[in-house]
Amino acid sequence: MRSNLIPDLDLAEHLFDVLRLRTFDGVGITREAYGPGERIAHAIVAAEAEALGLDVEPDFAGNLLMTMPGTDSSLPRVVIGSHLDSVPQGGNFDGAAGVLAGLAAVSGMRRAGFRATHDITVIAIRAEEGGAWFPTGFPGSRAALGTLPPAALDTKRLDSGRTLADHMAEEGFSPDAVRAGKSLLSPSGVAAYLELHIEQGPVLDTEQIPVGIVTGIPGSRRLRAARVLGEYNHSGATPRRFRRDAAIALAELASRLDDCWAELDAAGRSLVCTFCVLATAPEAGFTKIPGEARFQLDVRSVTPADVDAVYDRLHALVREIEARRGVRFELGDEAVAAPTPMHADVRAGLARAAATLGVPFMEMPSGGGHDAVAFAQAGVPAGMLFVRNQNGSHNPHEAMRPEDFAAATSVLMRWAAEMAK
Ligand SMILES: [Zn+2]
């Protein structure tokens, strides 16, 4: 196919610079969802898309659709994008890389005189960083597809305490339309969705491979409010056999569950297991045996059986430790999320594009959640490309080499041209 399809990397580099300059907070990058930082980022990107001659239109929730029309707009469109919000004091690449890659690809197609049959829409999505702003799953992308449950609009932003609907209205958008399920995109009108994103982990950097093709986004089983109940007593006066020490019981559980993960890891199973909180209760104090301990557990994998294996061990350990240490575990409510596989056709198309271009790649699961989940769950064939990056993510030291971004964006561009031709 066309060898003159080269992404407009100067455009992306310029936009990364402007975004950094305009949303730097003195320590890192802050682009608040439905706040000043995200508003600035959307304005920067919209102005550039206008200059490229794209059809630029925000939807009811403020997602920005930037479309290069094809020769037959009745066909389902190809959508490329990611989010423009960031965590507080985060990095410049998480999210923005996917939007700028889309613009660089479309600009490159324009320059090469490439005429697509299908529309190609670059989308800048709102409010993806749920851990930082609105603690609900992908409100921007779900609103873009008309699949956001109305109750999600009542979710409160963690810093302001005000609802998503309030913040959306304040930015000039239409929460009532979103609540009614109105959207500019319909799942059946999208041929495929592709999201380029920095990896956020060390795998590609360690393997010295620039690009990852994502196999799926993990499912999880999580405990948010688990407890161990023992007995408070005098730390000097209570001999070992009379103790019901909740903290040591929890420490044993954590250590032995970690051993379980190590066994699975050594057997080549792909999962992560994290005790996010391990704590004694506020009543704990010096000279007291801890009578209560609390924990949160987060186990994730793209393979549900691997998550289940950890929980099977957890339940066996709980019974054993209860019997031996005289404590009681209360695991509380468990939150279960199914994994989201990336579409086989999209994965295969990306692999073909990378092979044709001679870009080294590996297939890998995602660590975190991404807007691609919302598209996949709506029935849109979805895929993700990871770009090698350094220093993780959600911090000011997040880094990505221009040549790695260029390699991944070339793959994205070739895939999109093939899809839209
Ligand atoms: Zn992100």
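**Exercise 1. Decide whether D94 is buried or exposed in this predicted model.**

Step 1. The relative accessibility of D94 is 4%.
Step 2. Buried means under 20% relative accessible area.
Step 3. D94 therefore counts as buried.

**Exercise 2. Do the same for H83: buried or exposed?**

Step 1. The relative accessible area of H83 is 0%.
Step 2. The cut-off is again under 20%, so H83 is buried.

**Exercise 3. Work out which residues coordinate the zinc ion and how they are spaced.**

Step 1. List the donors. They are H83 through NE2, D94 through OD and H197 through NE2.
Step 2. Check the distances. They run from 2.0 to 2.1 Å.
Step 3. Write the spacing in sequence: H-x10-D-x102-H.
Step 4. Place the pair H83 and D94. H83 sits in strand β3, while D94 lies in the loop between β3 and α3 (96-112). The two are 11 residues apart.

**Exercise 4. Find how strand β3 pairs with β5.**

Step 1. Take the ranges: β3 spans residues 77-83 and β5 spans residues 190-198.
Step 2. Read the sense. The two strands are parallel, over 4 bridges.
Step 3. Fix the register with one residue: R77 stands opposite V190 in β5.

**Exercise 5. Describe the sheet and the helix that packs on it.**

Step 1. Order the 8 strands: β1-β2-β4-β3-β5-β17-β6-β16. The sheet is open, with mixed pairing.
Step 2. Identify the edges. β1 (55-58) and β16 (361-364) each pair on one side only.
Step 3. Add the twist, which averages 25° from one strand to the next.
Step 4. Add helix α12 (residues 402-420). It touches β3, β4 (120-125), β5, β6 (211-214) and β17 (382-387). The direction of α12 makes about 180° with that of β5.

How values were computed:
Residues numbered from 1 in each chain as written. Predicted model: local features only at pLDDT ≥ 70, side-chain atom pairs only at ≥ 80, totals over all residues. Heavy atoms only, no water. Pairing = 2+ DSSP bridges. Axes fitted to C-alpha atoms, helices over the stretch in contact; angles between N-to-C directions. Contact = heavy atoms within 4.5 Å. Donors = N, O, S within 2.8 Å, 3.2 Å for Na, K, Ca; no water. Buried < 20%, exposed > 50% of the residue type's maximum accessible area, 1.4 Å probe, protein only.
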